[in-house]
Amino acid sequence: MLQPREAETTTLSLRDPPPVETVNAEGRSPFVLCCEHAGRAVPERLRGLGVGPADMARHIASDVGAEGLSRRLCALLDAPLVLQRYSRLVVDCNRPFAAPDCFLALSDGTPVPGNRGITDQERRRRFEEIHQPFHQALAALLDRRTEQAAHSTLVAVHSFTPRLAGGAERPWHLGALSNRDGRFAARFLQTFRFQNPGLNAAHNEPYLVDDLTDYTIPVHGEGRGIPHLLIEIRNDLLGDAAGQHRWARLLAAALVAAQGKDAKDG
């Protein structure tokens, strides 16, 4: 029998899966991939957060298609990949603790009852047990590559919904996001547009990267001074395996070409 919530001292139980999965850790690619919003798992003790299955299948719970895309890109590039297995509704692993949307009680118009009125202690447990292990795994991977004198270009893989509730249509197929250091994002975007002139690709759409709304790029990309990029793909293009395969090929081609241009310019 589960203990009463107020008596619980951890978010995760022994029956819950670990929060992080690392794929192809010894991959020889210069790219290191991560997917902060890959999974939809919810710790058993949180009782589904009060969110129904239909809503858990939506973009509010995970980046739809991003896990499949990441795994295919990992295989094409021979790149290491770090995946988060828990839903962003439990804790958003691409937000700092202080961000208002790190623990959402309302996501794109959908109530999240399990996040309503949670205590600071509960927030910290989720952050420490789920958010931090993901970033510790990514940091350890990057540290090891540095020790091995292996070049690393960090690529965070995300997807976005074509339209938020009450919002305008989002026409972009791809967004290439960066903040303080946009050099690799600019090279990638230039290359992608050249290779795919029929697709709508833009810089910093449909989101911006900054220190409050993001965690991975500021901490692991900018903080280490390594080339980096956050990629957003519209999720209606990733709804099946065929779409994920297609976009993995498109991204791999542009990433490799942009990396080659970086080496040549350097």
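This is a short talk on the fold of one protein chain and on some of its salt bridges, using a predicted model.

I will start with the overall picture. The protein chain has 6 helices and 9 strands. Its radius of gyration is 18 Å, close to the 18 Å that the globule rule gives for 266 residues, so the chain is as compact as a globular protein of that length. Along the principal axes, the C-alpha atoms fill a box of roughly 60 × 45 × 30 Å. Of the 266 residues, 55% are buried. If we take the contacts with a separation of 6 or more, 81% of them come from residues 24 or more positions apart.

Next, the sheet. What is the order of the strands in the open sheet? There are 7 strands, and they run β1-β3-β2-β6-β9-β7-β8, with mixed pairing. β1 and β8 are the edge strands, each pairing on one side only. Ignoring direction, neighbouring strands of this sheet are turned by 20° against each other on average. One pairing to look at is β7 with β9, residues 228–234, which is antiparallel over 4 bridges. There, L174 stands opposite I233 in β9.

Two helices on this sheet are worth pointing out. α2 packs on the sheet and touches β1, β2, β3, β6 and β9. The direction of α2 makes about 165° with that of β2. α4 lies across β2, β6, β7, β8 and β9, and runs at about 165° to β8. α4 has 13 residues and reaches 19 Å from its first C-alpha to its last, close to the 18 Å expected at 1.5 Å a residue. Which residues of α4 are buried? They are F184, A185, R187, F188, L189, T191 and F192.

Now the charged pairs. Side chains of opposite charge can pair when their charged atoms come close. A search of the whole structure finds 18 salt bridges, and I will go through three of them and one network.

The pair R28 and D78 forms a salt bridge, with the closest N and O atoms 3.6 Å apart. It links distant parts of the chain, 50 residues apart: R28 is in the loop between β1 and β2, and D78 is in the loop between α2 and β3. R28 is exposed, with a relative accessible area of 76%, whereas D78 is partly exposed, at 26%.

The second pair sits within a helix. D120 and R124 form a salt bridge, their closest N and O atoms being 3.0 Å apart. These residues are 4 apart in helix α3, residues 120–147, so about one helical turn separates them. Both ends are partly exposed: D120 has a relative accessible area of 43% and R124 one of 40%.

The third pair is R180 with D211, whose side chains meet in a salt bridge at 2.5 Å, N to O. R180 lies in the loop between β7 and α4, and D211 in the loop between β8 and α5, so the pair ties together parts that are 31 residues apart in sequence. R180 counts as exposed at 55% relative accessibility; D211 is partly exposed, with a relative accessible area of 42%.

Finally, the network. Which residues are joined by salt bridges that share partners? D63, R88, D92, R95 and D101 are joined into one network in this way.

Conventions:
Residues numbered from 1 in each chain as written. Predicted model: local features only at pLDDT ≥ 70, side-chain atom pairs only at ≥ 80, totals over all residues. Heavy atoms only, no water. Salt bridge = Lys/Arg side-chain N within 4 Å of Asp/Glu carboxyl O. Buried < 20%, exposed > 50% of the residue type's maximum accessible area, 1.4 Å probe, protein only. Expected span 1.5 Å × (residues − 1). Pairing = 2+ DSSP bridges. Axes fitted to C-alpha atoms, helices over the stretch in contact; angles between N-to-C directions. Contact = heavy atoms within 4.5 Å. Rg over C-alpha atoms; globule rule 2.2 N^0.38 Å.
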